[in-house]
Amino acid sequence: MKNSEEFRFKIVVVGDGAVGKTSLIKKFTKGTFEKDYVKTIGAQLSKYSKEINGDMIRLIFWDIAGQADFNFLHHLFYKESRAAIIVISLEENDLGKNSFMHIENWYNELRKYCGDIQVVLFANKVDLVENDNINNMKIQELVHKYNFLGSFITSAKTGEGVIEAFNAIIEKLYNKYKQLSTQK
Ligand code: G3D
Ligand code: MG
């Protein structure tokens with residue numbers, strides 16, 4: 001019988017206010033928010049567990065609150081993250097456009113505090129745009145530029161792409177750390 005292992009991963013979710021970070025996590029974890037809403041550091045934590053190949057994966061999502069007025073605690077928010085999700089909105093308004101432009105800021109912040117962790121991009125609110133208007137070229141360009149692990153088109157409202165996107169990250173993390181643990 002093979003031994004079952006347990007893996008714990010912290011995943012930080014960043015992006016501009018109102019792009020849908022909280023809604024996406026809620027959709028994926030089915031709204032199981034932890035009561036420990038960490039007001040003081042402006043973050044909300046959600047747990048999610050899943051079994052893969054008999055191993056237990058325990059995830060904790062750290063959801064940044066919009067306001068960036070807790071700079072001095074940023075290192076706590078990012079500390080020991082195994083992966084990061086940058087969320088942008090596909091909306092064709094200022095919120096959407098700014099969220100694209102601010103990818104660089106979030107990326108730099110991640111590099112500064114987390115070093116070389118795996119980063120994926122979620123382009124959210126796809127239900128609000130016509131398929132033809134999604135700039136896939138631009139998204140691919142960004143994935144290439146920042147060496148993101150991948151990009152996913154999502155809608156926290158309809159659920160489109162949400163489970164697939166989160167599961168893809170979980171699997172990547174699992175494969176990476178499982179391999180490391182079997183090399184020991
Ligand atoms: P944030 O955590 O990134 O700040 P929220 O964003 O999850 O709080 O979402 C901000 C608003 O966008 C919310 O609307 C939420 O319902 C909406 N939203 C999030 N994701 C989607 C999506 O995929 N499609 C659509 N149409 N709306 C979305 P309210 O009105 O509650 O503030
Ligand atoms: Mg939020």
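This report describes the surroundings of ligand 1 and the packing of helix α1 against helix α6 in a predicted model.

## Basis

Residues are numbered from 1 along each chain as its sequence is written, and chains are lettered from A and ligands numbered from 1 in the order in which they are written. In this predicted model, local features need pLDDT of at least 70 and side-chain atom pairs count only at pLDDT 80 or more, while totals for chains, interfaces and linings use all residues; side-chain values use heavy atoms, with hydrogens and water left out.

## Shell around ligand 1

Ligand 1 is surrounded by 15 residues (a heavy atom within 4 Å), the closest being A18, K21, T22, S23 and D127. By class, the shell holds four nonpolar, six polar and five charged residues (Ala, Val, Leu, Ile, Met, Phe, Trp, Tyr, Cys and Pro count as nonpolar, Asp, Glu, Lys and Arg as charged, and the others, Gly among them, as polar). Helix α1, residues 21–29, gives the most to this shell, with three residues (helices are DSSP runs of H or I, at least four residues, numbered from the N terminus).

Oxygen atoms of ligand 1 lie 2.7 Å from a backbone N or O atom of A18, 3.0 Å from a polar backbone atom of G20 and 3.1 Å from a polar side-chain atom of K125. Taken alone, ligand 1 exposes 650 Å², of which the protein buries 60% (Shrake-Rupley method, 1.4 Å probe).

## Packing of α1 on α6

The axes of α1 and α6 (residues 162–183) come within 9 Å and cross at roughly 85° (lines fitted to C-alpha atoms over the stretch in contact, with angles from 0 to 180 degrees between N-to-C directions). The two helices are therefore roughly perpendicular (65 to 115 degrees).

From α1, L24, I25, K27 and F28 meet V162, I163, F166, N167 and I170 of α6 (heavy atoms within 4.5 Å). This contact has seven nonpolar, one polar and one charged residues.

Note on methods: A polar contact is a pair of N or O atoms within 3.5 Å; within protein, one must be able to donate a hydrogen and the other to accept it, and residues adjacent in sequence count only if both atoms are side-chain atoms. Angles under 35 degrees count as roughly parallel, over 145 as roughly antiparallel, 65 to 115 as roughly perpendicular and the rest as oblique.
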